[in-house]
Number of protein chains: 2
Amino acid sequence: MKRILVLGAGRTLPSLINYLATRADEMSWEVRVADISLQQVLQKIEGYSNVSASEFDIQLPEQREKEIVAADLVISLLPVRFHILAAKTCLKFKKHLLTASYVSDEMKAMDQQAKKNGVLLLNECGLDPGIDHMTAMAALDKIREEKGGSVDTFISYTGGLISPETDNNPWHYKFTWNPRNVVLAGKETAQFIRKGRYKYIPYHRVFTRLEPVHIEGYGDFQGYANRDSLKYRELYGLQNVETIMRSTLRRPGFCEAWNILVQLGITDDSYTLVGLDGLTYRDFINTFLYFHPTKSVEDKLCEYLKLDRHGEIMQKLIWLGIFEKTSIEMDKASPAMVLQKLLEQKWKLEPNDRDMIVMQHQIGYSMDNQYKKFKTSLVVIGDDIQHTAMSKTVGWPLAIAAKLILTGAINDTGVKVPVTPRYYQPIIKELETLGVKFIE
Amino acid sequence: MKRILVLGAGRTLPSLINYLATRADEMSWEVRVADISLQQVLQKIEGYSNVSASEFDIQLPEQREKEIVAADLVISLLPVRFHILAAKTCLKFKKHLLTASYVSDEMKAMDQQAKKNGVLLLNECGLDPGIDHMTAMAALDKIREEKGGSVDTFISYTGGLISPETDNNPWHYKFTWNPRNVVLAGKETAQFIRKGRYKYIPYHRVFTRLEPVHIEGYGDFQGYANRDSLKYRELYGLQNVETIMRSTLRRPGFCEAWNILVQLGITDDSYTLVGLDGLTYRDFINTFLYFHPTKSVEDKLCEYLKLDRHGEIMQKLIWLGIFEKTSIEMDKASPAMVLQKLLEQKWKLEPNDRDMIVMQHQIGYSMDNQYKKFKTSLVVIGDDIQHTAMSKTVGWPLAIAAKLILTGAINDTGVKVPVTPRYYQPIIKELETLGVKFIE
């Protein structure tokens, strides 16, 4: 028997645990889920008789060591800041660790020690980062190695959205990821290369520089530049690429309306509002507008940001409830926290909702004196609000990697990211059998 | 003989040293100036036979202690971050310290120790902060105490500009303060109260929310909200004020054009540009614009930010040289650093230039069932590019305070700011004799 320890019982768990539990007997796995809330674990593992639960606080060394020492492989679904604690303990007891988060500098620094101890610390093995890396590298390697092509353009789009059948609000958006991350999305200056030229977009302009994307059978989307795309040159072996850009997808109309919230300054998380007590959402919006003795908040906003009073952007803002005289009921909060509270009510997934993951890679390359374009797209729809597309696409790559490691199909050490064929080939292959399949 | 030690031989020194040197024999003062560059000290004290020079590094404890132990009073004109080192040594040897900088939290924490040691650490005793506090408090105290008025509005404007006779560029602006601070001005969210309502303006909107100001004999200005005005409520005893706002003044047209630089993102100091080597200013601007195969940088900018190709804003931008094919010649720099380099060439004070300080307080109050308005303005013109209006209005309040302390007219201890009559009355009175006089 090999024991797989899963840390964290959040949104990603359901599909991961389903994969592991349904294969546990056959594979001789013991599966255990540990979280700070035992109740949450029990709720999420209900129906799986072969999965055990543990109440545990990663920050308490005794509890952390007790769980990790008894495992053969650890999967951390905890918030990013806790991965390092898990990694240190995994190094100590020579256990492999898998995460779906970006490699932090602290994690990177453990590479030598991990190699010395025979431990694999595999990161960025979820959706984004994860499936994006694996499918990009599979496509790039095929073009470069099999076809001998020379890649000059790499553009990649990813979006976590709502499935068309349950898309019933004017923003065409609901929260399927961490709401705080959605509210703060794009905060860094976007950096990319376009036709050989470095391009920088400051946060307050990101949602005005949009690219149209069409996905067969799923309609139109718009992409906005996603933070630092430059670092992907080295990771993907694209040092001399002419165009490289990673984007986030939304439905048309979303970004124009979201930009109004950015322009007002209410996505700001850097300071605490004074005098919030007793304010309504309408007062809150007024706080970011100039004073006028008689004009309405709506009229001031339209004048200030040059909006059509009866246009689609205003319709979206009105639907959100930002002009309503409803009390906020928060004492101390940043503007972003107030906005998040409102959005969590409006963009909540309903019991029958299904989410949708969309990803597209566009690659341009030269081969045999011809310029060619390659496009590959993925659409995954959630089964329900537990087994979301998000849960499947983040959880399954981790689960598959765990299987490959425990069966010895992958035998590696050090701090790694799944950008080499030994990882991406078997993981993509099995994801396809689970219905996560790119269409070229 | 009492020794006054002045730390730092920067822009503020000339008027301060002139005040001290011309009174030194009469007052029995020894005046000494210490700076990391002996040459700079010698240049600035040329012609004053009774001022001594010292080469010294505040960061070296031995040099710091040697200079401070021999002084009776220390005036620090050093960059803000060094005041704490001076203050600690002053506490140790029981010497008074004067600065023109905001009280830091670290400085504030020394209050008890300063009182115990009989030491005065007087801060915010320059122009802004300094003269602004003193003249605001003089006006407010007069309204409240002498007239029994109840203040509901306090608005204060300050600008460091160029004198009308030497104002010969389309921005009507040259650098008379630290260029880096000018480039990064307004970076915090502006916070103030207007008619009883809290108002917040994010950085990327600050230069679009302008207030017109007229000063008799000096024409029109525009004010933009200056950072956190809320904290002045407590300092000025205005806890229940309906309107409080501090603004920075520029000539009309400046802010609209500056806003374009903000919108592009080139006032950002938070990251280092990649691929700067070999770029021209034109390339640099293009880096912040979308890609287009044929359109010119000028046309793209006008389209992107909705500018009139032949309007005044474009005239200002063209004059700055941002479209020129001149090499930047910087390797590693933030966008703000590149912009600063360009501006330092264009907004440089010429030998015959004279700077100008403008300040205006507007106070609204009720008295005897009547609502009254009070307005008081200051304009100071520099004598030349050494004895600038800036040097006079920052240096003289410090010099006068030093005299008051050394003659025993002010006898105080602890960490203080000159907002009480014992400070502002004699300092304002003497500033008036020097030509720094508010007109009501």
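This tour passes from the pairing of two chains to a helix contact within one of them. The model is predicted.

**Both chains.** Begin by displaying chain A and chain B together. A turn of 180 degrees, with a shift of 0.1 Å along the axis, lays chain A on chain B with an RMSD of 0.1 Å. The two copies are thus related as by a two-fold rotation axis. To locate that axis from chain A, select A:His204: its C-alpha is the nearest to the axis in that chain, at 3.5 Å. Both copies use the same surface, since 97% of the contact residues of chain A recur in chain B.

**The interface.** Next, select the residues of each chain that touch the other. The selection holds 34 residues of chain A, in contact with 33 residues of chain B. Between them, chain A and chain B bury about 2900 Å², of which 53% lies on carbon and sulfur atoms. A search for salt bridges across this interface returns zero.

**Two helices of chain A.** Now hide chain B and select residues 131-146 of chain A, helix H7, together with residues 421-433 of chain A, helix H17. Their axes come within 9 Å and cross at roughly 105 degrees. Angles of 65 to 115 degrees count as roughly perpendicular, and H7(A) and H17(A) are therefore roughly perpendicular to each other.

Show the side chains at the crossing. H7(A) contributes A:Ile131, A:Met134, A:Thr135, A:Met137, A:Ala138 and A:Asp141; from H17(A) come A:Pro421, A:Tyr424, A:Ile427, A:Ile428 and A:Leu431. Colouring the contact of H7(A) with H17(A) by residue class gives nine nonpolar residues, one polar and one charged.

Notes: Residues are numbered from 1 along each chain as its sequence is written. Chains are lettered from A and ligands numbered from 1 in the order in which they are written. This is a predicted model: local features need pLDDT of at least 70, side-chain atom pairs count only at pLDDT 80 or more; totals for chains, interfaces and linings use all residues. Side-chain values use heavy atoms; hydrogens and water are left out. Axes are lines fitted to C-alpha atoms, for helices over the stretch in contact, and angles run from 0 to 180 degrees between N-to-C directions. Helices (H or I, at least four residues) and strands (E, at least two) are DSSP runs, numbered from the N terminus. Angles under 35 degrees count as roughly parallel, over 145 as roughly antiparallel, 65 to 115 as roughly perpendicular and the rest as oblique. Contact means heavy atoms within 4.5 Å. Ala, Val, Leu, Ile, Met, Phe, Trp, Tyr, Cys and Pro count as nonpolar, Asp, Glu, Lys and Arg as charged, and the others, Gly among them, as polar. Copies are superposed by least squares on the C-alpha atoms of residues with pLDDT of at least 70 in both. Buried area is the accessible area (1.4 Å probe) that two parts lose on being put together, summed over both. A salt bridge is a side-chain nitrogen of Lys or Arg within 4 Å of a carboxyl oxygen of Asp or Glu.
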